[in-house]
Amino acid sequence: MAILKIAKLGHPILVKKTNEINNLNEVDLKKIVFDMSETMLDANGIGLAAPQVHLSHRMFLYRNPDIEEAVKINISVLINPLIENISNETEDDWEGCLSIPGMLGLVKRYKHIKYTALDLNGKQIVGEAEGLHARVIQHEFDHLNGILYISRLSHKKAFGYSEEIEKFWKKATNEKPK
Ligand code: ZN
């Protein structure tokens, strides 16, 4: 296993649409997933999409906040995913990204989504997600289309260095930017 280099904001791969993986044997997916998992954990991330490690594949992995226990980390891999919102209900919350280290932005996401994808063995997975789980999937899915959260800010002022956001925004209870 190896820790991969993470592409940072400004690298063109982050704004490029990725390619579907047509033949799961064509790329060494298991190695990619192992390396991406190690990279994500090393960087303390909760999700990582292939373009963030300079690979133009439609796949990402994430730590599942719903089924994770303190002692056990549960990583899910979605290949060629499709997502759809179940309801039109949205919510604002703060997001960060390993490709934009040290920063946070307030982003509106659907609260409930469903997704279909292939797993590592090429088997179809269908699932539903809500809250943080749904947010992570939407964030990572955006990466596959070359979209970063900073182009989805709920308010253009709701973006900054995490320590300032913690100090001036998060502590201001649930007050939303005006
Ligand atoms: Zn990201």
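Good morning. The centre of this talk is an open sheet of five strands, whose order is β1-β2-β3-β6-β7 and whose pairing is antiparallel. Strands β1 and β7, the latter covering residues 124-130, stand at the edges; each has a single partner strand, so one side of each is left without a neighbour in the sheet. From one strand to the next, the twist averages 40°. I should say at once that this is a predicted model.

Let us look at one pairing within the sheet. Strand β3 is joined to β6, residues 112-118, by five bridges, and the two run antiparallel. As one example, I79 has L118 in β6 as its bridge partner.

Strand β3 also holds a residue with a notable backbone angle. As general background, most residues other than glycine have a negative phi. N80, found in strand β3, has a positive phi near 45° although it is a residue other than glycine. Is N80 buried or exposed? Its relative accessibility is 15%, and a residue under 20% is called buried, so N80 counts as buried.

I turn now to the helices that lie across the sheet. Helix α1 lies across β1, β2 and β3, and runs at about 45° to β2. Helix α2 lies across β1, β2, β3, β6 and β7, running at about 155° to β2.

Helix α1 allows a simple check of length. It has 14 residues, from 29 to 42, and at 1.5 Å a residue these should span 20 Å; the end C-alpha atoms are 20 Å apart, which agrees. For the expected span, 1.5 Å is multiplied by one less than the number of residues.

Which residues of α1 are buried? They are L29, I32, V33, D35, M36, S37, T39 and M40. These buried residues pack against β1 (47-49), β2 (59-63) and β3 (75-85).

Just after α1 comes N44, with a positive phi of about 60°. This residue lies in the loop between α1 and β1. With a relative accessibility of 67%, N44 counts as exposed, whereas N80 counts as buried.

The next topic is the metal site. Which protein atoms are the donors of the zinc ion? They are SG of C97, NE2 of H139 and NE2 of H143, lying 2.0 to 2.3 Å from the ion. Along the chain, the donors follow the spacing C-x41-H-x3-H. C97 and H143 link distant parts of the chain, 46 residues apart: C97 is in the loop between β4 (90-95) and β5 (103-110), while H143 is in helix α2, residues 131-144. C97 counts as buried at 10% relative accessibility, and H143 is buried with a relative accessible area of 1%.

Finally, I come to the aromatic rings. A search of the whole structure finds three aromatic pairs. I shall describe one of them, formed by W94 and W169: the ring centres are 5.5 Å apart and the planes stand at 75°, so the pair is edge-to-face. Planes over 60 degrees apart count as edge-to-face. This pair, too, links distant parts of the chain, with W94 in strand β4 and W169 in helix α3, residues 162-170, 75 residues apart. W94 is buried, with a relative accessible area of 18%, while W169 counts as partly exposed at 24% relative accessibility.

Thank you for your attention.

Definitions and conventions:
Residues are numbered from 1 along each chain as its sequence is written. This is a predicted model: local features need pLDDT of at least 70, side-chain atom pairs count only at pLDDT 80 or more; totals for chains, interfaces and linings use all residues. Side-chain values use heavy atoms; hydrogens and water are left out. Helices (H or I, at least four residues) and strands (E, at least two) are DSSP runs, numbered from the N terminus. Buried means under 20% relative accessible area, exposed over 50%, partly exposed in between (1.4 Å probe, protein chains only). Contact means heavy atoms within 4.5 Å. Donors are N, O and S atoms within 2.8 Å of the metal (3.2 Å for Na, K and Ca); water is not among the atoms, so sites may look incomplete. Two strands pair if DSSP finds at least two bridges between them. Axes are lines fitted to C-alpha atoms, for helices over the stretch in contact, and angles run from 0 to 180 degrees between N-to-C directions. Rings of Phe, Tyr and Trp (its six-membered ring) pair if their centres lie within 6.5 Å; planes under 30 degrees apart count as stacked, over 60 as edge-to-face and the rest as tilted.
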